[in-house]
Amino acid sequence: MNALDAMRDAALAGDVARAVGTASLEARLRGLAAHGAVGAGTGGGVARQALCAHELAARRWLVQPFARRPGYRVGIDAAANVFVRRDGQESMLSPAMTGSHIDTQPLGGWLDGAFGVAAGLEVFDALDRLGLRTRRPIDVAMWTNEEGSRFAPGLMGSVAFTAPQRLEAFLGVRDGDGLRFEAARDAAVDDLRAEALREGWRWMDTPLARPVHGYIEAHIEQGPVLEAEGLQVGCVSAIQGVRWFRITVPGRSAHAGTTPLAARDDAQAKAVRTAHALLEHAARCGDDRLRLTIGRWECSPGSINTIAERVVFTVDVRHPEAAALDAVRALIDAALPAGGQLEVLQDKPTVRFDAALAGLAREACAALQLSHREMLSGAFHDAMPLAGFCPSAMLFAPSRGGVSHHPDEDTPIDDLAACTRALAWCLARLAGPLVSSTPPEASKD
Ligand code: GLV
Ligand code: MN
Ligand code: MN
């Protein structure tokens, strides 16, 4: 591309960014939050775990405005990832892709994941408002089970998309009620296909691991940095490594009142000692980059007057350097009681994003005069597996008080719109050049 074309393309990308509507973005986010809302409005949080009925309804609701619009198509893949495609001038080219997830924690906020999907769809509307077509198609992905709270590990959909050989192992994973991921996946695929048939949607095949030109995901920061520094956008250069462990400690149940302490095999006492060793390490190692969380603790039979016969708990540990994660693993091995069992549920090394795409994100912020900084992500995201598959990067919007995975999760709508504008600019460049076309159909909002 010569310098003149590049200038024209950057100017058009600016037009697309400015066509992003704050009100329509907010309306889409609020409508999405209604699916699984706890209490009135968004204040009570959202309970929309992976592939539950609320998530399936939310997927249909998000897809529906595009599925019959000329120039759009919808598909669902073997991991139940949903894609909305906006056709390009050259539809055989691999797509530029954006997206995120719409599953939540058991009780989560309204923006984690939801923002990235709503932002991508808002970019579609912005392009439609201007009647512009990109050279490449653009896909908005809704990745399955990012959170990992219903089916562990997290990132199942994006991992299966980028490494289809991993899907087989995921299919057998069960949720807390014993339901296999495979059954939930099948129900999700059937649900969307049935709706597509009923409504006459434009459909596309979406094989796993199909080529992607580049992936850029918008997400809330979920931490305090951007807000504290008064910045609008984070350009994410890397995601820190994460390991998930499940530890099972066996014991023998017996009467709480009659069994002498010396005669007990108390699973609870043993598990508490192991957990204590880990928490003490985190508190005393002096490394403020270490994150260590014991998020689930199940004790059976769970009776006040019976000694525990089994404790199962989870450990989530994160750090940018593998050596720090190795040290925690060594500590778990050393502190595991006799007969204890250790399972590794997830092991993801630190991921660095594509330098050119991360550079495009910074360029977008500069062109749109958005205050920004480069940063590391503490949370994992679907962009993590994508980064090993195609050039990838992320954009963050600030989080109020750094709060996330909680009903209080929030971001001022103007900050969400600013981040969406940066996303629009990047997608226009990534999928461009842009050409005028008759608007497929003017957007309603
Ligand atoms: C994602 O939800 C994470 O736990 O980082
Ligand atoms: Mn998320
Ligand atoms: Mn999350």
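Modeller: Let's start with a cut-off: a residue is called buried when its relative accessible area is under 20%, exposed when over 50%, and partly exposed in between. Keep in mind that this is a predicted model.

Biologist: Thanks, that helps. Why is Glu 147 called buried, then?

Modeller: Glu 147 has a relative accessible area of 5%. The limit is under 20%, so Glu 147 counts as buried.

Biologist: And what makes His 405 count as partly exposed?

Modeller: His 405 has 40% relative accessibility. The class between buried and exposed runs between the 20% and 50% limits, so His 405 belongs there.

Biologist: How do you know which residues are the protein donors of the manganese ion (ligand 3)?

Modeller: Donors are N, O and S atoms within 2.8 Å of the metal. Asp 112 (OD), Glu 147 (two OE atoms are listed) and His 405 (NE2) lie 2.1 to 2.4 Å from this ion, so they qualify as donors. Along the chain, these donor residues are spaced D-x34-E-x257-H. Glu 147 is in the loop between strand S5 (138-143) and helix H5 (156-162), while His 405 is in the loop between strand S15 (392-397) and helix H13 (413-431). Those two residues are 258 residues apart, a link between distant parts of the chain.

Biologist: What makes His 101, Asp 112 and His 219 the residues that coordinate the manganese ion (ligand 2)?

Modeller: The same kind of test applies: the limit is 2.8 Å. His 101 (NE2), Asp 112 (OD) and His 219 (NE2) are at 2.0 to 2.3 Å, so each of these atoms counts as a donor. The spacing here is H-x10-D-x106-H. His 101 lies in strand S3 (residues 96-101), and Asp 112 lies 11 residues away in the loop between S3 and helix H4 (114-130). Both of those residues are buried.

Biologist: Which residue bridges the two manganese ions, and how far apart do the ions lie?

Modeller: Asp 112 is the bridge, and the ions, ligand 3 and ligand 2, lie 3.7 Å apart. In other words, Asp 112 coordinates both.

Biologist: Now to ligand 1. Which residues surround ligand 1?

Modeller: They are Glu 146, Glu 147, Arg 318, Ala 379, Phe 380 and His 405. Two names return from the metal site, since Glu 147 and His 405 are also donors of the manganese ion (ligand 3) within the 2.8 Å limit.

Biologist: What makes the approach of Arg 318 to ligand 1 a polar contact?

Modeller: A polar contact is a pair of N or O atoms within 3.5 Å. A side-chain N or O atom of Arg 318 is 2.6 Å from an oxygen atom of ligand 1, so the pair passes. Phe 380 uses a backbone N or O atom, 2.8 Å from an oxygen of the ligand. For His 405, a side-chain N or O atom is 3.2 Å from a ligand oxygen. With the limit at 3.5 Å, these two pairs therefore pass as well.

Biologist: How much of ligand 1 does the protein bury?

Modeller: Taken alone, ligand 1 exposes 190 Å², and the protein buries 94% of that. The space that ligand 1 takes is the largest pocket.

Biologist: Let's move to the backbone. What makes Leu 51 and Gln 222 worth a look?

Modeller: Most residues other than glycine have a negative phi. Phi of Leu 51, however, is near 60 degrees, and phi of Gln 222 is near 70 degrees. Leu 51 sits in the loop between helix H2 (22-33) and helix H3 (53-67). Gln 222 is in the loop between strand S6 (214-220) and helix H8 (225-229).

Biologist: Why are Leu 51 and Gln 222 called buried?

Modeller: Leu 51 has 6% relative accessibility and Gln 222 has 16%. Both values are under 20%, so both residues count as buried.

Biologist: Which peptide bonds are cis?

Modeller: Most peptide bonds are trans. The bond from Ser 300 to Pro 301 is cis, with omega near 5 degrees, and the bond from Gly 432 to Pro 433 is cis too, with omega near 5 degrees. Pro 301 is in the loop between strand S10 (297-300) and strand S11 (310-319), and Pro 433 is in the loop between H13 and strand S16 (434-436).

Biologist: One last pair: how are Arg 289 and Leu 290 classed, buried or partly exposed?

Modeller: Arg 289 has a relative accessible area of 38%, so Arg 289 is partly exposed. Leu 290 has 11%, which means that Leu 290 is buried. Leu 290 lies in the loop between H9 and S9.

Methods:
Residues are numbered from 1 along each chain as its sequence is written. Chains are lettered from A and ligands numbered from 1 in the order in which they are written. This is a predicted model: local features need pLDDT of at least 70, side-chain atom pairs count only at pLDDT 80 or more; totals for chains, interfaces and linings use all residues. Side-chain values use heavy atoms; hydrogens and water are left out. Donors are N, O and S atoms within 2.8 Å of the metal (3.2 Å for Na, K and Ca); water is not among the atoms, so sites may look incomplete. Helices (H or I, at least four residues) and strands (E, at least two) are DSSP runs, numbered from the N terminus. Buried means under 20% relative accessible area, exposed over 50%, partly exposed in between (1.4 Å probe, protein chains only). A residue is near a molecule or strand if one of its heavy atoms lies within 4 Å of it. A polar contact is a pair of N or O atoms within 3.5 Å; within protein, one must be able to donate a hydrogen and the other to accept it, and residues adjacent in sequence count only if both atoms are side-chain atoms. Accessible areas come from the Shrake-Rupley method with a 1.4 Å probe; for residues, only the protein chains shown count as cover. On a 1 Å grid over the protein atoms alone, a cavity is a set of points where a 1.4 Å probe fits but cannot get out, and a pocket is an open set with protein on both sides within 12 Å along at least five of seven lines; lining residues have an atom within 4 Å of a point. A molecule sits in a cavity or pocket if more than half of its atoms lie within 2 Å of its grid points.
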